[in-house]
Amino acid sequence: MRIIIEEHPNVLDVSELLRPEPKFVDKEVSKFRDYTVDENDPLKERVRRTYKLMHTHQTVDFVKGRHADWLKFDHFKATIRQALEKLNDLVDESDPDLDLPNIVHAFQTAERARQEFPELDWLHLTGLIHDLGKVMAFYGEPQWAVVGDTFPVGCEWGPSIVYREDSFVDNPDGDNPKYNTKNGMYEPNCGLEKLTMSWGHDEYLYRVLKHNGSTLPEQALHMIRYHSFYPWHSGGDYHHL
């Protein structure tokens, strides 16, 4: 199925509107997702290092290798509750706003969805589980291959990707003529489902749900698969694909 967006979508991570910490009470929405460089800020430097590693190592070959490894679905077995509880011990190293366990984000998102759309119970569940793919971090996957914004591999990197100007300099795909053009290995207007996304929690959870015959509606599965694709849904990049 191809998804066609007629207008630039306005998608907001709802956790940016529902922070539990007092320091966020008066913070404007526009001040979240601040990726400016400040070498004296340990949180910002942690985020920048995570993206530098991601943008160096997320290549076409790397993603193919992760598919071959993780999509055998043999790393672990857990209930939804058990996976959620694991997030108690995970702090997302790519998040410039929050230094709390990721389970907080899960319940924030579910609760905001319930408040805004009380009749859509599937959306409440989607909000609760959307980041469960991050459990890969407990089974040997480095955070730069688990968290953070996603992007297609195999084509020119979009200009709105965070730290785009200097974080890809060591990525070998940038020197490969098959991958370093605007369309790269894709046909124009091929649709989202034809793209090979950088490896992370979005794609993994989407594949787990499909593998296990999830009864969530297709729009829920696509929310999960592309919710971290900020260069597309918030940056306006990749619409030619």
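**Notebook: salt bridges, a listed binding site and two cores**

I started with Arg 114, which comes out as partly exposed at 42% relative accessibility. Reminder to self: this is a predicted model.

I looked for a partner next and found Glu 111, in a salt bridge with Arg 114 whose closest N and O atoms are 2.6 Å apart. Glu 111 is partly exposed too, at 29% relative accessibility. Both sit in helix 4 (residues 102-116), and because they are three residues apart there, about one helical turn separates them.

Then I went to helix 7. Here Arg 207 and Glu 203 join their side chains in a salt bridge, 2.7 Å from N to O. They are four residues apart in that helix, so again the separation is about one helical turn. Buried or exposed: where does Glu 203 fall? It is buried, because its 5% relative accessibility is under the 20% cut-off. Arg 207 is partly exposed, with a relative accessible area of 26%.

How many salt bridges are there in the whole structure? My search gave 11. I also noted a network of them that links Arg 66, Asp 69 and Glu 141.

Lys 134 got its own entry. I found it in the loop between helix 5 (121-129) and helix 6 (164-167). It has a relative accessible area of 3%, so it is buried. Which residue does Lys 134 pair with in a salt bridge? The partner is Asp 131, with the closest N and O atoms 3.2 Å apart. Asp 131 is buried as well as Lys 134.

I checked the UniProt record, an unreviewed entry, and Lys 134 is among the positions it gives as "binding site". The others on that list are Arg 33, Asp 92, Glu 93, Ser 94, Gly 148, Asp 149, His 227 and Ser 228.

Last, the nonpolar interior. The largest nonpolar core has 35 residues, and those touching the most other members are Phe 151, Leu 195, Trp 199, Phe 229, Tyr 238 and Leu 241. Helix 1 (42-57), helix 2 (60-70) and helix 7 (201-211) each put in at least two residues. Helix 2 gives the most, with four.

I listed the contacts of Phe 151, skipping residues up to four places away in sequence. Among them are Met 54, His 55, Gln 58, Trp 157, Ile 161 and Phe 168. Phe 229 and Tyr 238 are on that list as well.

Apart from this core I found another one, of 21 residues, including Leu 84, Leu 87, Leu 132 and Leu 209.

Conventions:
Residues numbered from 1 in each chain as written. Predicted model: local features only at pLDDT ≥ 70, side-chain atom pairs only at ≥ 80, totals over all residues. Heavy atoms only, no water. Core = buried A, V, L, I, M, F, W, Y, C linked by side-chain atoms within 4.5 Å. Buried < 20%, exposed > 50% of the residue type's maximum accessible area, 1.4 Å probe, protein only. Contact = heavy atoms within 4.5 Å. UniProt positions renumbered as here; feature names shortened; annotations may be inferred. Salt bridge = Lys/Arg side-chain N within 4 Å of Asp/Glu carboxyl O.
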